[in-house]
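Good morning, colleagues. I should like to take a few minutes to present one chain, beginning with its overall make-up and then turning to a single helix.

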Amino acid sequence: MRGLFYHQFRKFKIPQAYSYLTRLIEDFPLDPHMIPDFTKVLIANQKHNDIIKYCDQLTSWGNLDHLEEARVGGKKNEDEESVSMKIRTEMAASLVVAIRYLWQNGQKVKYEEILNKALRLSENGPKIVSAVAKLFLEMNRVDEAKKILYKISSEHWTQEAFVTDFFVDMLESKRAEDVLLKGMHLLQKGIHDKKIYEAVIKKSVELNRPHNIIEKIYIEAETHFPGDCIELKSLYKKSA
């Protein structure tokens with residue numbers, strides 16, 4: 001059955017792969033090493049509730065335990081430890097994807113509980129912390145986003161984390177000058193995000209900054225996002 005699953009998976013026949021996968025899980029415990037491919041198939045088939053259900057089963061059955069117990073000469077096998085964390089991170093990422101989809105489609109699930117489970121699975125890995133904080137921000141739950149973001153030191157933040165932190169501050173701050181300064185700092189630091197450019201240009205227009213300075217910011221944005229700056233152009237032209 002596993003061979004049939006991978007035969008369909010490699011041919012990108014995702015519905016067929018999903019069919020073999022569910023039959024495989026019914027008859028045998030899922031090999032943890034299959035989890036990355038398993039979650040890809042569930043996401044591609046929009047089986048987001050299944051992601052939550054199977055992740056629950058996989059952790060409660062202890063399918064990952066043998067990866068944690070690998071030893072070489074009495075010491076933990078670093079390769080196995082790395083594989084285990086990669087698998088856990090894949091599971092955590094799939095839970096975040098599932099919750100975003102279910103929330104966007106108005107389905108009622110225990111969002112906070114499941115997102116906290118994703119954080120635990122990844123042991124607060126930067127990638128998952130950033131993704132969970134961003135999702136809470138999208139849900140307009142600013143306090144939760146900030147709380148989660150600060151689970152890790154800013155020296156380990158991903159670009160997504162810096163962007164989320166910027167928008168948390170933007171929602172909390174009433175001073176256009178503060179938003180502008182932080183946005184400019186991030187751009188100078190190499191955090192190039194279209195929404196940050198948008199916020200910086202918008203605040204620059206609000207503060208009546210010189211047109212040539214705003215033009216320079218717009219040209220820089222266009223360099224990083226060629227052909228995708230129509231909204232930025234309309235904002236920048238307001239300063240003319």
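I shall go from the whole chain to one helix and its surroundings.

Please bear in mind that this is a predicted model. The secondary structure of the chain amounts to 14 helices and 2 strands. Of its 240 residues, 44% count as buried. The chain exposes about 13,500 Å², and carbon and sulfur atoms supply 50% of that area. As for contacts between residues at least 6 apart in sequence, 60% join residues at least 24 apart.

Let me now turn to helix H11, which covers residues 176-188. What span should its 13 residues have, at 1.5 Å a residue? The expected value is 18 Å, and the end C-alpha atoms are 18 Å apart, so the model agrees with the expectation.

Which residues of H11 are buried? They are Ala176, Val179, Leu180, Gly183, Met184, Leu186 and Leu187. Viewed down the axis of H11, these buried residues fall within an arc of 160°, and therefore they line one face of the helix. On the other side of H11, Leu181 and Gln188 are exposed. I would draw your attention to Leu181 in particular, a leucine that is exposed, whereas Leu180 is buried.

What does the buried face pack against? The buried residues of H11 pack against three helices: H10, residues 159-172; H12, residues 194-206; and H13, residues 211-224.

Finally, the region after the helix. H11 is followed by Gly190, which has a positive phi, near 95°.

Methods:
Residues numbered from 1 in each chain as written. Predicted model: local features only at pLDDT ≥ 70, side-chain atom pairs only at ≥ 80, totals over all residues. Heavy atoms only, no water. Helix = DSSP H or I, 4+ residues; strand = E, 2+ residues; numbered from the N terminus. Expected span 1.5 Å × (residues − 1). Buried < 20%, exposed > 50% of the residue type's maximum accessible area, 1.4 Å probe, protein only. Arc of directions from axis to C-beta. Contact = heavy atoms within 4.5 Å. Areas by Shrake-Rupley, 256 points an atom, 1.4 Å probe, with all protein chains shown as cover.
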